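Here are my notes on the model, set out as numbered points for a colleague to check against the coordinates. They begin with one surface residue and then move through the sheets.

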Amino acid sequence: MIEVNRSECLILNVDDYAPGRYARTKLLKQAGFPVIEATTGKETLELAEKNKPVLILLDVNLPDMNGFDVCKKLRSNPHTASMTIVHVSASSILTQHQVSGLESGADGYLVEPVEPAVLLATVNAFLRARRAEDAMRKSSDELLWFSYRVGHDMSEPLRTITAYAQLVKARLQNREGPEIVSLLDSIAAGALQIRSFMDGVLQYSQAAAGFSRLTPVDCEKMFARVLANLDSAVRDSGAVITRDPLPEVVANEQLEGVFQNLLSNAIKYAQPGVAPEIHVSVRKDPKEWIFSVSDNGMGIAPEFLERIFEVFNRLHGQEIPGNGIGLALARRIVEALRGRIWAESQPGAGSTFFVALPF
C-alpha cells in the first residue's frame, strides 16, 4: 500500500458554519494533517493559490458563491487545477446535487453528517490516489525528458552528417562514377529520415511537457500561415484546397501544427494520379466548434481509424515517407486543449478528420 506522510499534506477546510468547520479541522489535526480554513468562496480561491493545499474539503453552500462555481474557478486556474477537491454538504444532498458537484470538477462528494472514521478514510484514500498519480507523473516526466534529450542531442549530428555527405558529393560528382554519388545520396537520405524521426520525437516530447495559456486564436490567419508553409507541397501535387469562413477559437499556437499535419497528410496520401481535393469546414454546436478536413485520397479501413492516432503506428511502408508521430502529436495537442479528434473514412473514398474544440 502507498504510504501517505500526513504532515506534508496540507488540507484546506472550507465551511461558513463555524461549529462544523471547527469539528472537521480538529479531527484532521488530531490525525496529523496541517489544516488551513476558509469561510467564503473568495477566500478559498486566494488561499488555494497562495498555499497550494493538496486537498480541499469544499462546502457547497457558501455566503458569496456556491461551491460548484468555486470548484470550476479552481479547475480553470493553472495554479490550482490539479488539487484534489471533495465537496461536503449537509443540505445539498440530492442525487442531482452530487452529479452537479462532480461535473463541476470535484473528485468526490460527501453528504453530512459524515462519521469521523469515514471522513478520515476518504481523505486518506484520495491522498493515496494522488500519491500514486504523482509517482506515475514523475516517471512519465522522466521518460519525456529522456525523449527530449535524445531528440535534441541527435539533431545536430544528423545535420552534420547530411551536410558533409552533400559537400563530399558536390566535390566528387565530376570525378567519380555514379555509384559513389548514389552512395552519398543514400547516406544523406538516411540521415534526413532519422532527423525527421528525431524531430518528431522532440515535438512530441515538447507537446507533452506543457502548454501555454489558452488565448483567442484567429483561425483565418492561422490557416493562411498553414497554406504558406505547405506552398511547395501544394504546387507539386496540384492540390486544390478550399475552406469555409473560419471562426476565432480559444486555443494556443500549437493548434496551427494540428491543421498543418491534417492538410499535409491529405496531400501525402492522395490516390495515385489524382490531384488532391481538400475542403476545410466548420460548424458550431451548442458547446463546441467542430472542424472537418475532408479529402479525396486513398482512404483508411475502418478497423484502423483508432490506431492511426497511436504514436509510431504507420499503415503504409517506406513507399510513403513518415515517422508515425504526426497524428499522435495532433491528438495530444487537441486533448490538451480540452477537445477531441477523430476520423471517418473508407478505402478509396477519401477521409474526413474532425477536430472539436470547446468554446
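**Notes on the predicted model**

1. Val 111 is partly exposed, with a relative accessible area of 32%; on the scale used here, buried means under 20% relative accessible area, exposed over 50%, and partly exposed in between, with a 1.4 Å probe and protein chains only as cover. Val 111 lies in strand S5, and together with Ile 93 and Leu 94 it forms a nonpolar patch on the surface with about 230 Å² of accessible area. Such patches are made of residues with over 30% relative accessible area and no salt bridge, nonpolar side chains (Val, Leu, Ile, Met, Phe, Trp, Tyr) being joined within 5 Å and like charges within 9 Å, where a salt bridge is a side-chain nitrogen of Lys or Arg within 4 Å of a carboxyl oxygen of Asp or Glu.

2. As to the basis of these notes, this is a predicted model, in which local features need pLDDT of at least 70 and side-chain atom pairs count only at pLDDT 80 or more, while totals for chains, interfaces and linings use all residues. Residues are numbered from 1 along each chain as its sequence is written, and side-chain values use heavy atoms, with hydrogens and water left out.

3. On the overall picture, the protein has 10 helices and 12 strands, which are DSSP runs numbered from the N terminus (helices H or I of at least four residues, strands E of at least two). Of its 359 residues, 41% count as buried. The accessible surface comes to about 19,400 Å², of which 55% belongs to carbon and sulfur atoms; areas come from the Shrake-Rupley method with a 1.4 Å probe. Among contacts (heavy atoms within 4.5 Å) between residues at least 6 apart in sequence, 66% join residues at least 24 apart.

4. One open sheet has five strands in the order S2-S1-S3-S4-S5, with parallel pairing, two strands being paired if DSSP finds at least two bridges between them. Strand S2 (35-38) and strand S5 (108-111) stand at the edges, each with a single partner strand, so one side of each has no neighbour in the sheet. Neighbouring strands of this sheet are turned by 20° against each other on average, direction ignored; axes are lines fitted to C-alpha atoms, for helices over the stretch in contact, and angles run from 0 to 180 degrees between N-to-C directions.

5. Within that sheet, strand S1 (residues 11-14) and S2 pair in the parallel sense over four bridges, and Leu 12 stands opposite Ile 36 in S2. Helix H1 (residues 18-30) packs on the sheet, touching S1, S2, strand S3 (55-59) and strand S4 (84-89), and its direction makes about 165° with that of S2. Helix H2 (residues 41-51) also packs on the sheet, touching S1, S2 and S3, with a direction at about 150° to that of S2.

6. Is Thr 80, which lies in the loop between helix H3 (67-76) and S4, buried or exposed? At 1% relative accessibility, Thr 80 counts as buried. Leaving aside neighbours within four places in sequence, Thr 80 is in contact with Ala 48, Glu 49, Lys 73, Leu 74 and Arg 75.

7. Four bridges join strand S6 (residues 215-218) to S8, and the two run antiparallel, with Val 217 standing opposite Val 249 in S8. Strand S8 (residues 248-251) has a covered face, made by Val 249 and Ala 251, and an uncovered one, made by Glu 248 and Val 250.

8. Another open sheet of five strands has the order S7-S9-S10-S12-S11, with mixed pairing. Its edge strands are S7 and strand S11 (340-345), each of which pairs on one side only, and neighbouring strands are turned by 15° against each other on average, direction ignored.

9. The mixed character can be followed strand by strand. Four bridges join strand S7 (residues 240-243) to strand S9 (residues 277-284) in parallel, whereas S9 and strand S10 (residues 288-295) pair in the antiparallel sense over seven bridges, and a hairpin joins these two through three residues. S10 and strand S12 (residues 351-358) also pair in the antiparallel sense over seven bridges, the partner of Ile 290 in S12 being Ala 356. Helix H7 (residues 219-229) packs on the sheet, touching S7, S9 and S10, and its direction makes about 175° with that of S7.
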